[in-house]
Amino acid sequence: MSTQPLLVVTDLVAISVLAFAVYFPRHHRRDLVTAFLGINVGVLAVAMTLSQAAVGIGLGMGLFGVLSIIRLRSYEIAQHEIAYYFAALAIGLLNGIPEETSVLPVALTALLVGTLYVADHPRLFARHRTRSLRLDSAHTDEAALRAHLEVLLGGRVVNLSVKGIDLVNDTTQVEVRYVVRDGGVPAPAPEAVRRPGVRA
């Protein structure tokens, strides 16, 4: 018995929930909503066509591999957006390939949507932040740099990576991961910390 109409409905409901109810309210990127919907429905259509041609699951997985190398050339996409992107691909394939009655595609589709809902929830590690900063001083002492960042950002630095130090222009490029204080309000930085190296 063909279940393709049911799977099409499952796919459309799942990608709509993922794009409109989970992703957009949290990240507000309209262009990626369009991308998620387009790639999902496109993969669904292609996968259903291939399943009718009896090409097998192997070609379906090959299709997933080919589509997985697609990148948005005009914008960099964040790691959580890549997760949504692959979920849209996977949901399309899960509901496009099967021809026999089975609860597995529906269950796996629900699992994908539920996983992203939980993994990208704002309350999960809510106090953790990542920032890429260019500081107006050249820091060669990591301990001093860490202390400076903790005052500047109002939190505890858990990881920092110095991307570059310019001794000529007196700047430091750094990527920092930190945990904000309760309330997330940075402490006011003393003048000597905000403008290191500048005499009063």
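**Aromatic cluster, cores and sheet**

Modeller: Let's start with the aromatics: Tyr-23, Phe-36 and Tyr-84 form one aromatic cluster. Keep in mind that this is a predicted model.

Biologist: Fine. Why are Tyr-23 and Phe-36 called an aromatic pair, and an edge-to-face one?

Modeller: Four aromatic pairs turn up in a search of the whole structure. In the one made by Tyr-23 and Phe-36, the ring centres are 5.1 Å apart and the planes make 85 degrees. Centres have to lie within 6.5 Å and planes over 60 degrees apart count as edge-to-face, so 5.1 Å and 85 degrees satisfy both.

Biologist: What makes you say that this pair links distant parts of the chain?

Modeller: Tyr-23 sits in helix H1 and Phe-36 in helix H2 (residues 30–52), with their positions 13 residues apart in sequence. Both Tyr-23 and Phe-36 are buried, which means that each has under 20% relative accessible area.

Biologist: And Val-9, buried, exposed or partly exposed?

Modeller: Partly exposed, because its relative accessible area is 49% and the in-between class runs from 20% up to 50%. Val-9 belongs to helix H1 (residues 4–27). Its C-alpha is 9.1 Å from that of Asn-95, although 86 residues separate Val-9 and Asn-95 in sequence.

Biologist: What makes a group of residues a nonpolar core?

Modeller: They must be buried, of nonpolar type, and joined through side-chain atoms within 4.5 Å. The largest such core has 21 residues, and Leu-18, Tyr-23, Phe-36, Ile-39 and Tyr-84 have the most contacts inside it. H1, H2, helix H4 (79–96) and helix H5 (104–119) supply at least two residues each, with H4 giving the most, seven. Apart from this core lies another, of 11 residues, including Leu-145, Leu-149, Val-174 and Val-176.

Biologist: Which residues does Tyr-84 contact, once its neighbours within four places in sequence are left aside?

Modeller: Leu-18, Val-22, Tyr-23, Arg-26, His-27, Phe-36, Leu-116 and Asp-120. Each is called a contact because heavy atoms come within 4.5 Å.

Biologist: On to the strands. How do you know that S2 and S3 pair?

Modeller: Pairing needs at least two bridges, and strand S2 (residues 155–166) and strand S3 (residues 171–180) have 10, so they qualify. They run antiparallel, and Asn-159 stands opposite Arg-177 in S3. In their hairpin, with four residues between the strands, Asp-170 takes a positive phi near 60 degrees.

Biologist: How many bridges join S1 to S3?

Modeller: Eight, again with the strands antiparallel. Arg-134, for instance, stands opposite Gln-173 in S3.

Biologist: Why do S1 and S2 count as edge strands?

Modeller: The open sheet has three strands in the order S1-S3-S2. Strand S1 (128–135) and S2 each have a single partner strand, so one side of each is left without a neighbour in the sheet. From one strand to the next, the twist averages 15 degrees.

Biologist: What lies across those strands?

Modeller: Helix H6 (residues 142–153) lies across S1, S2 and S3, at about 120 degrees to S2.

Biologist: And the chain as a whole, how many helices and strands?

Modeller: Seven helices and three strands, in the order α-α-α-α-α-β-α-β-β-α from the N terminus. Of its 200 residues, 32% count as buried.

How values were computed: Residues are numbered from 1 along each chain as its sequence is written. This is a predicted model: local features need pLDDT of at least 70, side-chain atom pairs count only at pLDDT 80 or more; totals for chains, interfaces and linings use all residues. Side-chain values use heavy atoms; hydrogens and water are left out. Buried means under 20% relative accessible area, exposed over 50%, partly exposed in between (1.4 Å probe, protein chains only). Rings of Phe, Tyr and Trp (its six-membered ring) pair if their centres lie within 6.5 Å; planes under 30 degrees apart count as stacked, over 60 as edge-to-face and the rest as tilted. Axes are lines fitted to C-alpha atoms, for helices over the stretch in contact, and angles run from 0 to 180 degrees between N-to-C directions.
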